[in-house]
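Colleague: Before I rely on the descriptive terms used for this chain, I should like to see each one set against its definition. Please show the model first.

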Amino acid sequence: MNVQGISYEELAEEFGTPLYVYDAERLTGAVTGLRTALHPRLEVFYSLKANPNISVYATLRSGGARAEVSSLVELRTALTAGTPPEDVIFLGPGKSQRELTACLDAGVYAIVCESFDELDDIERLAAERGQRQRVLLRVNPALAISGSRLTMGGKPRQFGIDEEQVLAAGDLTARYRHADVAGVHVYLGTRILDAEVVGKNTRYILDLAERVAAATGIRLDAVDIGGGLGVPYFDGEEELAAADVADQLNPLLDKFAGAHPETRLIMESGRYLAGGAGTYVFRVRYVKESMGERFAVADGGTHHHMAAVGIGSFVKRNFPAELLTERPTGEVGPWNVTGPLCTPNDSVLKRAELPALRPGDLVGLRNSGAYGPTASPGLFLSHGYPAEVLVRAGRAHLVRERDQPDDLLRPQRLISPTDETAATAETAEGEQP
Ligand SMILES: Cc1ncc(COP(=O)(O)O)c(C=O)c1O
């Protein structure tokens, strides 16, 4: 088993386990595939929340992706990777003043605003600086969708402003002088594997954008149609083909683009761009039997890959898994593969059909490039972040070092359990956080 000719065993030897391995060609292939299939006016913005590694993002950017960010670090990542501010949008339901200020400093293309209170904040901060900042209104549409594994809109949600409230808001251009409300954003849900659902959502969103513009008097500098394109994880799920998405979207986009020649059309995508390119690689430490079931206890688990473990899902289903060690294998049978954490939930694979596992075996979970370590409780038991490796043009690059014990201990402060004066003195000197 190898990636671009380098065996996983070599990668594990060189960089240790557990380890995330990303295939740069798969990353660029995902973004160029989408961009080639979809309407030329549609710009693909990569949602860094899916995988914020700067080299992963830079690779996607080399394939033409722009940046959708939701924190100071994601913003810095996008800018450091060379993204021009006009290709950056910032969204999230609870932005801090510091984040809003950073957006104004950077001159991002747009802040996606999620409440009227936030709009007032943007107005005030921009006015204080004598600046105008483009804002896209995130609308929570009155459309309940099906076909998404996790819905973000169409029901009571902390995201965006309800369609009804936006349509009743009156003339927004008169009310806000520095917050330049000039576009609409809608994100309905994630893990969509049915192109028709994407089409249905987009039809609604494009129509909604026109209704919002008519009701509030705003320009449509940009309409962000969200996306939520999925990758298959479980039995019975199939890849979402870019061509099928294009069949659904392109006629709608063509019509809208014709009527709005100046409007930027934006799609956001995280999982679809990064998911298929990543493999979570871990090593079996021990094998044993418990009450008639076989267990392989490995060095990887929940702390790096919450989604595979099924936290947040009602039912535990197995991610696509493979034995990566190349050796003769016997019969396939059911294996429970668990991690090093002290909780029965740390179960990476449940009764997965695998060849008989042995200590030292490498196992890989496929389609794991999105929502891995940064979406997982990585600090539980203080194991920290795994290493990340990007393979490009047949060469492996370490793109994130594994956390070492010092990395987790250094930010902590040991105060004397008894000596109050010592603790107070430290605080007075400003050494405490
Ligand atoms: C507003 C918004 N945009 C984009 C994304 C990225 O979604 P996905 O990784 O499914 O493409 C999310 C994910 O939750 C989101 O909430």
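The exchange below takes up the terms one by one.

Modeller: This is a predicted model, in which local features need pLDDT of at least 70 and side-chain atom pairs count only at pLDDT 80 or more, while totals for chains, interfaces and linings use all residues. Residues are numbered from 1 along each chain as its sequence is written.

Colleague: Why is the chain called as compact as a globular protein of that length?

Modeller: The radius of gyration is taken over C-alpha atoms, and the globule rule is 2.2 Å times the number of residues to the power 0.38. The rule gives 22 Å for 433 residues and the chain has 24 Å, which is close, so the chain is as compact as a globular protein of that length. The C-alpha atoms fill a box of roughly 70 × 70 × 40 Å along the principal axes.

Colleague: What makes strand 4 largely enclosed by the rest of the structure?

Modeller: A strand is a DSSP run (E, at least two residues), numbered from the N terminus. A residue is buried if 20 or more other C-beta atoms, placed from the backbone, lie within 10 Å of its own. In strand 4 (residues 42-47), 5 of the 6 residues are buried, so the strand is largely enclosed by the rest of the structure. Over the chain, buried residues make up 46% of the 433 residues.

Colleague: How many bridges join strand 4 to strand 14, and how many join strand 4 to strand 5?

Modeller: Two strands pair if DSSP finds at least two bridges between them. Strand 4 has 5 bridges to strand 14, running parallel, and 3 bridges to strand 5 (residues 66-69), also parallel. Both counts therefore satisfy the definition of pairing. Phe45 has Glu268 as its bridge partner in strand 14 and stands opposite Arg66 in strand 5.

Colleague: Which residues are the closest around the ligand?

Modeller: A residue is near a molecule if its C-beta atom, placed from the backbone, lies within 6 Å of it. The ligand is surrounded by 15 residues, the closest being Ser47, Tyr187, Thr190, Gly270 and Arg271. Strand 14 (264-269) and helix 11 (271-274; a helix is an H or I run of at least four residues) each supply at least two residues of this shell.

Colleague: How do you know where the domains lie?

Modeller: The bounds come from an automatic or database domain assignment, which gives domain 1 (84-269) and domain 2 (276-409). Their C-alpha centres lie 35 Å apart.

Key: Buried ≥ 20, exposed ≤ 12 C-beta atoms within 10 Å, placed from the backbone.
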